[in-house]
Amino acid sequence: MAPSTPRVVVKVDLKKKPWEQDEPLHNRWHPEIQPVAEVKAGEFFRVEMVDWTGGAIKDDDSAEDIKNLDLSTVHYLSGPIKVVDEEGVAAKPGDLLAVEICNLGPLPGDEWGFTASFDRENGGGFLTDHFPCATKAIWYFEGIYAYSPQIPGVRFPGLTHPGIIGTAPSKELLRIWNERERQLEESGLSTVTLCEVVHQRPLANLPIAKGCLLGKMEEGTPEWERIAKEAARTIPGRENGGNCDIKNLSRGSKIYLPVFVEGANLSTGDMHFSQGDGEISFCGAIEMSGFLELKCEIIRNGMKEYLTPMGPTPLHVNPIFEIGPVEPRFSEWLVFEGISVDEAGRQHYLDATVAYKRAVLNAIDYLFKFGYSKEQVYLLLSCCPCEGRISGIVDSPNAVATLAIPTSIFDQDIRPKTRKVPAAGPRIVKKPDVMKCTYDGKLATTKNPSSSSFI
């Protein structure tokens, strides 16, 4: 007998706003957001998702929607989903929830996505001091492949995955999150030396009622007001999983999530057709609507058995991820190195973030020589299947980070080579560019002292 098709437990209508869906969506983490569905362990089920902005970004010729996006509203998640065992007993705090990704993809009829960079004063990003303007590129899907009219000469297979998948926090874990993130925000920039080099702000995204969507809860009620002031934003990854943005969590992957509340209350969203390691443009990856087909298993008392807390409480744990067998195959890569010396020539001590920033900047300036604008390369490295690595973290004073780019995604040979160069220099054919807004802010930008071609 053939296996049954997956039961659709969360369905979305892309013609409706996130708050108009039949199964209400949510964009915060809180233990009191009620489940919209229930599944049994071993059941094959399907979850559909809007893109992380809930349809705010359009397939058009302007980046104004990126520049003016209300970031208090994102990410929109499908769920929560209560998980019970075969006898109907809910997952308990202290269990592990094993979530297997059986299948996934874009929603039929919506086979497109976008990659973008935010305005420096509305979101920013990893290289916002070099690229302060909002930009956008649209990608279209041809089966497993993606291409963009704004970044021509590039085509690659996607490793599709959910950017966000996680369980609900307990009240105590939520308190821990809010307390430590508030301390970071209140301590200010001067206490975090990395702020001199990585200019993305704010330091943390604290609970805010503006833009809050809490599933079945009616906005404006005393209960809604209380929870909206407590509920954690979905921007970072945390102990519950959340926005981990692990690009290899595709078909066949399994995620072992700690359970903090009865039923686990699984939520997911932020579907990506493809992503580069680090999702460096922040509004990165190829963002899209999509679906997941899943199976869950409850491992009783799995947190205590398999997860060792790294912190002051038993709640300071992290998920385990098992990567699936289905990935694109690339055999040739061009690898760029970065060390922990910043653009001003200052030495940092074993700082992997500074090293990775240098590796990315090196790759951008290199590919600029092959006819791409630097904005095109910035967005491309956020969404193509490039591999980031911490190659050295012990050899004082320099951490070493690398960024490996598969050469076959380009329609030209991008390797260094000996060639005869005309007296006037190599002939660069100007390509179409990404959509780009003006930057109207007054923050200073970072320029490479050795390159007049940088911003």
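Two strands are taken to pair if DSSP finds at least two bridges between them, and in this predicted model the pairing of strand β17 with its neighbours can be described on that basis. Strand β6, which spans residues 96-105, pairs with β17 in the antiparallel sense over nine bridges, and within this pairing alanine 98 stands opposite glutamate 297 in β17. Strand β4, which covers residues 45-49, also pairs with β17 in the antiparallel sense, here over five bridges, with glutamate 48 standing opposite phenylalanine 291 in β17. Strand β17 itself runs through residues 290-299, and because eight of its 10 residues are buried, the strand is largely enclosed by the rest of the structure.

Helix α3, formed by residues 222-230, has Trp224, Ile227 and Ala228 as its buried residues. Viewed down the axis of α3, these buried residues fall within an arc of 105°, and they therefore line one face of the helix. Pro222 and Lys229, by contrast, are exposed on the other side of α3.

The largest pocket of the model holds about 1500 Å³ of space. Its lining consists of 50 residues, among which Gln200, Asn205, Ile235, Pro236 and Phe282 lie nearest the centre of the pocket. At least two residues of this lining are supplied by each of α2 (171-187), β13 (237-238), α5 (352-368) and β20 (387-392). When the lining of the largest pocket is divided by class, 23 residues are nonpolar, 13 are polar and 14 are charged.

How values were computed: Residues are numbered from 1 along each chain as its sequence is written. This is a predicted model: local features need pLDDT of at least 70, side-chain atom pairs count only at pLDDT 80 or more; totals for chains, interfaces and linings use all residues. Side-chain values use heavy atoms; hydrogens and water are left out. On a 1 Å grid over the protein atoms alone, a cavity is a set of points where a 1.4 Å probe fits but cannot get out, and a pocket is an open set with protein on both sides within 12 Å along at least five of seven lines; lining residues have an atom within 4 Å of a point. Grid points are joined across faces, edges and corners, and a volume is the space filled by probe spheres set on the points. Helices (H or I, at least four residues) and strands (E, at least two) are DSSP runs, numbered from the N terminus. Ala, Val, Leu, Ile, Met, Phe, Trp, Tyr, Cys and Pro count as nonpolar, Asp, Glu, Lys and Arg as charged, and the others, Gly among them, as polar. Buried means under 20% relative accessible area, exposed over 50%, partly exposed in between (1.4 Å probe, protein chains only). The arc is that of the directions from the helix axis to the C-beta atoms.
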